[in-house]
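I am opening a notebook on a structure that I have not looked at before. My plan is to look up a few places one by one and to write down what I find at each.

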Amino acid sequence: SRLLKSFGSLTDRIVCVLFAVMFAQVPVYISQYIDVLSGARMEAQKVYDEVAEVANAYQQSVDQFLEDMTNNPDQKVRDMSSIQLNTVQRYHKYTEALEALTKRATWLKPFYLIRHYDPSIHAAMFFEPNVPLTIEGAIYALMGLIVALLLISLVTGIVQRVRKSRRQEEDLYRP
């Protein structure tokens with residue numbers, strides 16, 4: 001029984017460390033996601049700026065210009081306008097996501113990441129886990145530790161209740 005208790009506390013410690021390390025990866029992932037998102041936004045902005053320049057030459061907004069191109073009778077123009085429209089929409093989407101992820105409190109960033117998550121940005125990433133030596137990393141590691149302790153406490157409580165219930169059943173059937 002003593003061996004089992006020491007194994008349990010060793011397991012508890014391992015679980016706590018694992019959760020702390022896993023949670024500490026959240027700001028690392030978000031930082032790397034923001035890097036890739038910034039690059040994608042910059043590329044989309046180049047096209048946006050070019051479209052805006054042409055639209056300004058015709059004294060139109062970008063939206064008006066693209067709408068006119070979309071309604072053009074020439075199929076080639078319509079096809080090109082759909083490509084440009086998609087790029088402009090991505091630019092707006094990336095700008096909004098970048099602002100949401102860079103101007104929010106540390107503890108809100110994961111929720112904004114979920115809200116603005118783009119699988120194509122994730123696919124372009126090469127995530128490298130590391131140990132962040134920042135306040136943000138420490139906050140998330142502490143959150144991971146707290147979650148681990150809560151889970152350990154929950155599991156321990158369930159196991160104790162099951163054991164107690166079994167002992168009570170066994171006591172009922174003993175002569």
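Entry one, a short helix. I began with α2, where I found Val62, Phe65, Leu66 and Met69 to be buried. I should keep in mind throughout that this is a predicted model. Looking down the axis of α2, I noted that its buried residues fall within an arc of 95°, so they line one face of the helix. I recalled that an α-helix has 3.6 residues a turn, so residues three or four places apart point the same way. I then turned to the other side of α2, where Asp63 and Glu67 are exposed.

Entry two, the core. Which residues touch the most other members of the largest nonpolar core? I looked through its 25 residues and wrote down Tyr33, Leu37, Val62 and Leu101. At least two residues of this core are supplied by each of α1 (2-57), α2 (62-70), α3 (75-102) and α4 (109-116), and the largest share, 10 residues, comes from α1. Val62 thus appears in my notes twice, as a buried residue of α2 and as one of the core residues with the most contacts to other members.

Entry three, Leu101 and a lysine beside it. Setting aside neighbours within four places in sequence, I listed the contacts of Leu101 as Tyr33, Ile34, Leu37, Lys109, Tyr112 and Leu113. Lys109 made me stop, and I asked whether this lysine is buried or exposed. Its relative accessibility is 14%, and because buried means under 20%, Lys109 counts as buried. I placed Lys109 in helix α4, and, not counting residues up to four places away in sequence, I found that it touches Ile30, Leu101, Arg104 and Glu136.

Entry four, the loop before that helix. Leu108 lies in the loop between α3 and α4, and with a relative accessible area of 25% I entered it as partly exposed. I also checked the separation of Leu108 from Ile121, which is 13 residues in sequence and 20 Å in space, taken from C-alpha to C-alpha.

Entry five, the surface. Which residues form a nonpolar patch on the surface? I found Leu142, Leu145, Ile146, Leu149 and Leu150, which together have about 450 Å² of accessible area. I followed up one of them, Ile146, which is found in helix α6 (residues 135-173) and which, at 43% relative accessibility, counts as partly exposed.

Notes. Residues are numbered from 1 along each chain as its sequence is written. This is a predicted model: local features need pLDDT of at least 70, side-chain atom pairs count only at pLDDT 80 or more; totals for chains, interfaces and linings use all residues. Side-chain values use heavy atoms; hydrogens and water are left out. A nonpolar core is a set of buried Ala, Val, Leu, Ile, Met, Phe, Trp, Tyr and Cys residues joined through side-chain atoms within 4.5 Å. Buried means under 20% relative accessible area, exposed over 50%, partly exposed in between (1.4 Å probe, protein chains only). Helices (H or I, at least four residues) and strands (E, at least two) are DSSP runs, numbered from the N terminus. Contact means heavy atoms within 4.5 Å. Patches are made of residues with over 30% relative accessible area and no salt bridge: like charges are joined within 9 Å, nonpolar side chains (Val, Leu, Ile, Met, Phe, Trp, Tyr) within 5 Å. Accessible areas come from the Shrake-Rupley method with a 1.4 Å probe; for residues, only the protein chains shown count as cover. A salt bridge is a side-chain nitrogen of Lys or Arg within 4 Å of a carboxyl oxygen of Asp or Glu. The arc is that of the directions from the helix axis to the C-beta atoms.
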